[in-house]
Amino acid sequence: MSVGPRVPLLKAAWLVLLKDWQIEWRTRARLTALIFFALSTLLLFSFAMGPDTDALRRHAPGYLWLALFFASVLSLGESFRIESENQALLGLILNPVEPRAIFLGKVFGNASLLFGLSLLLLPVAVALYDIELSKAPGSLLLVLLLGSIGISAPGIVYSAISANARARDVMLPLLLFPVLVPLLLASVNATRFCLGPDAQNQLPSWLKLLTAFDLIYLSVGFLLFPKVAEED
Amino acid sequence: MKWFALLATLSFASFALADIAVPKPEPFVAPVVAAPEVPAVTPTPSPAPLHPQGIEKAMPSMGVIDGGWAYVYACYFLAIGGTFFYGLSLFLRRPTGPLPGAQS
Amino acid sequence: MPSWAPLAALVVVVGLIVLHLAVRSTRTWVWKVLTGLGSLMLVALVYFGLFWAPPEAFMSDVGRIIYVHVPFVWMCMLAFTVNVGAALAYLFKKSWRTDALAESSAEVGVFFGATGVLMGSIWARPTWGVWWDWDPRLISTTVMLLVYVGYLAFRSFTEDPERRAAWSAAAAILGYVSLPITWFSVQWWNSLHQRQSGSGTMDKPIRVVYFWGAVSFLTFLFVFIVKRYEIARARQTGALELPPLEAPKGQVTT
């Protein structure tokens with residue numbers, strides 16, 4: 001596929017990650033749009049539920065994660081659209097960059113974006129849904145991080161394959177959301193136990209499930225991505 | 001080496017999954033089920049006399065659902081009809097002309 | 001239900017498909033014989049299920065639904081396993097045959113799954129009093145169905161055949177990996193606030209009818225997959241090769 005000395009995998013992944021961050025920073029307008037999209041989703045959920053504070057507080061974890069899911073579709077879709085516009089992915093592969101490094105870099109780039117977004121959403125969720133963040137802040141951060149990685153790992157593979165399909169905007173959520181069902185269950189429940197009472201100490205199990213989900217999809221994506229990128 | 005690390009990751013992940021045991025379900029107690037609302041179209045009387053042995057087996061437990069034949073018929077129609085119509089759709093879409101590989 | 005039964009069914013179906021694809025002389029008659037056999041067995045299943053088998057212990061006559069419902073969901077899972085096998089085979093060695101097999105098994109699996117879920121919903125009405133319940137089996141089967149509906153939609157929305165083959169193979173593997181995780185997580189999530197629906201031991205006649213239904217739908221599974229495979233192959237050659245200069249009358253090249 002390529003000639004010349006290869007950059008070590010992790011270093012190449014780091015370079016891809018840096019490149020993506022740089023692009024995000026240079027197109028701040030898109031980033032802002034993404035943030036406001038997620039914020040307005042949160043706001044819409046609270047409008048749809050009406051002013052029932054109790055119900056809002058109870059369902060806050062679900063709303064938070066759904067807002068992240070919807071935002072992730074936008075960010076994942078963008079992350080390969082910018083590559084496919086000028087055959088940039090081909091350029092990356094022809095450069096001595098392993099496809100697996102692209103996968104890792106993209107996954108962690110997207111995960112960091114989503115994680116940052118979720119950090120921005122938290123104070124808004126406090127304002128809208130009246131939740132307590134101070135109960136288990138460390139675990140909450142861990143859940144958000146694991147959840148962001150879990151969305152990105154299968155999401156990047158699906159984004160790479162749907163970037164060139166017709167109706168790609170519909171294709172990505174259609175392919176991605178069913179696969180993310182266990183992640184949604186695990187992260188919403190873990191967030192719920194981070195925010196509220198956890199009588200039976202169920203949080204560690206959900207965290208384990210989240211970790212397992214991340215590891216499985218990171219490994220499967222790592223194995224599959226070269227086959228996917230070959231065809232790009 | 002890389003592949004080995006991957007295998008280790010995968011197996012660790014599956015161990016992590018296996019470690020979370022499903023909580024033991026409560027000991028199963030026969031629930032007392034109210035008779036379901038059966039639509040008015042329920043055909044045929046209950047063919048109870050056909051199964052003296054079976055009914056006897058079913059009797060000792062509580063909460064036996066009575067009737068509901070309409071649902072059963074609906075499912076069997078669905079099974080046969082679905083199979084038939086999917087087969088029909090395959091027939092209608094059948095390729096005309098020589099099959100690929102027929103010449104090789 | 002012995003634990004090796006699904007494996008045996010898988011081996012039988014894959015063996016039949018391989019036989020059908022590899023040995024040309026069997027192509028013309030095996031599927032006809034199996035269609036006839038399956039139809040006869042289906043008629044017999046109606047008799048066995050509706051009249052011969054005793055009512056189920058708790059669900060009484062409504063329990064008769066499982067003789068058609070459960071085989072359908074099993075066939076759906078078998079078809080999806082064939083699908084992921086074909087996808088893996090494609091990624092290891094590119095071949096239009098495995099691509100066509102993946103497409104056909106996914107579509108047949110979606111047919112069996114959709115019908116099975118519909119029957120499950122009908123069955124839930126008299127047993128639980130609702131059309132839809134948060135039963136782990138119902139949810140995870142539906143999610144599984146969604147995965148493969150997405151897969152089929154993706155296939156139909158990608159034009160380039162080579163890309164479609166490679167990408168849908170990747171999508172199939174990712175989707176299949178998600179199935180056990182979904183099953184597990186939904187079950188675990190559900191058991192926190194719902195009772196597990198208990199499955200008692202099965203009586204012998206019930207088990208026999210179960211097997212009978214499974215075998216009769218297994219024949220249809222095979223016939224559907226190979227017939228759908230032939231359609232997929234014909235479409236591929238239509239797409240891959242130039243159409244003949246003078247197309248025969250009435251033949252539409254797609």
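What share of the 104 residues of chain B count as buried? In this predicted model, the share of buried residues in chain B is 15%, and that chain is a convenient place to begin before turning to chains A and C. Its secondary structure consists of three helices and zero strands, so that a reader who follows the sequence of chain B meets the pattern α-α-α.

Chain A can be approached in a similar way, beginning with its elements. It has eight helices and zero strands, and along the sequence these follow one another as α-α-α-α-α-α-α-α. The radius of gyration of chain A is 18 Å, which is close to the 17 Å that the globule rule gives for 232 residues, and therefore the chain is as compact as a globular protein of that length. Along its principal axes, the C-alpha trace of chain A spans about 60 × 35 × 30 Å. Of the 232 residues in chain A, 51% count as buried, and when the contacts with a separation of 6 or more are considered, 85% of them in this chain are between residues 24 or more positions apart.

The confidence of the prediction for chain A should be kept in mind while reading these values. The average pLDDT of chain A is 84, and 94% of its residues score at least 70. Among the elements of chain A, the lowest mean pLDDT, 70, belongs to helix α4, which covers residues 88-94, while the highest, 91, belongs to α6(A).

Helix α6 of chain A, made of residues 137-162, contains Ile156(A), a residue that shows how this helix meets other parts of the chain. Is Ile156(A) buried or exposed? Because 27 C-beta neighbours lie inside 10 Å of Ile156(A), where 20 are enough, the residue counts as buried. Leaving aside residues up to four places away in sequence, Ile156(A) touches Leu76(A), Phe103(A), Lys106(A), Val107(A), Asn110(A) and Gly221(A). For one of these partners, Asn110(A), the separation along the chain is 46 residues, whereas the C-alpha atoms of Asn110(A) and Ile156(A) are 8.3 Å apart.

Another helix of chain A that deserves a careful look is α8, which takes in residues 203-230. It has 28 residues and reaches 40 Å from its first C-alpha to its last, close to the 40 Å expected at 1.5 Å a residue. Where in α8(A) does a kink of about 40° lie? The kink is found at Leu224(A), shortly before the proline Pro226(A).

Chain C, in turn, has seven helices and zero strands, and from the N terminus on its elements run α-α-α-α-α-α-α. Of its 254 residues, 54% count as buried, and residues 24 or more positions apart account for 77% of the contacts in chain C that have a separation of 6 or more. One of its helices, α4, covers residues 96-128, and because a helix of 33 residues should span 48 Å at 1.5 Å a residue, the 46 Å between its end C-alpha atoms agrees with that expectation. This helix, α4(C), is mostly covered, with 26 of its 33 residues buried, and after α4(C) comes Gly129(C), whose phi is positive, near 85°.

The contact between chain C and chain A brings the two accounts together, taking 25 residues from chain C and 27 residues from chain A. On the side of chain C that touches chain A, the elements giving two or more residues are α5 (136-157) and α6 (161-191) of chain C, and the largest share, 16 residues, comes from α6(C). Sorted by class, that side of chain C has 17 nonpolar, six polar and two charged residues.

A single residue of α6 in chain C, Ala170(C), lets the reader see this contact in detail. Ala170(C) is buried, because 24 other C-beta atoms lie within 10 Å of its own. Which residues does Ala170(C) touch, not counting those up to four places away in sequence? They are Val157(A), Ile161(A), Leu224(A), Lys227(A) and Val228(A), and among them is Leu224(A), the residue at which the kink in α8(A) lies. Within its own chain, Ala170(C) is 18 residues from Leu152(C) in sequence, and the two are 13 Å apart in space, C-alpha to C-alpha.

Terms used. Residues numbered from 1 in each chain as written. Chains lettered and ligands numbered in written order. Predicted model: local features only at pLDDT ≥ 70, side-chain atom pairs only at ≥ 80, totals over all residues. Helix = DSSP H or I, 4+ residues; strand = E, 2+ residues; numbered from the N terminus. Buried ≥ 20, exposed ≤ 12 C-beta atoms within 10 Å, placed from the backbone. Contact = placed C-beta atoms within 7 Å. Nonpolar A, V, L, I, M, F, W, Y, C, P; charged D, E, K, R; others polar. Expected span 1.5 Å × (residues − 1). Bend = angle between axes of the 7 residues up to and from the residue. pLDDT = per-residue confidence, 0-100. Rg over C-alpha atoms; globule rule 2.2 N^0.38 Å.
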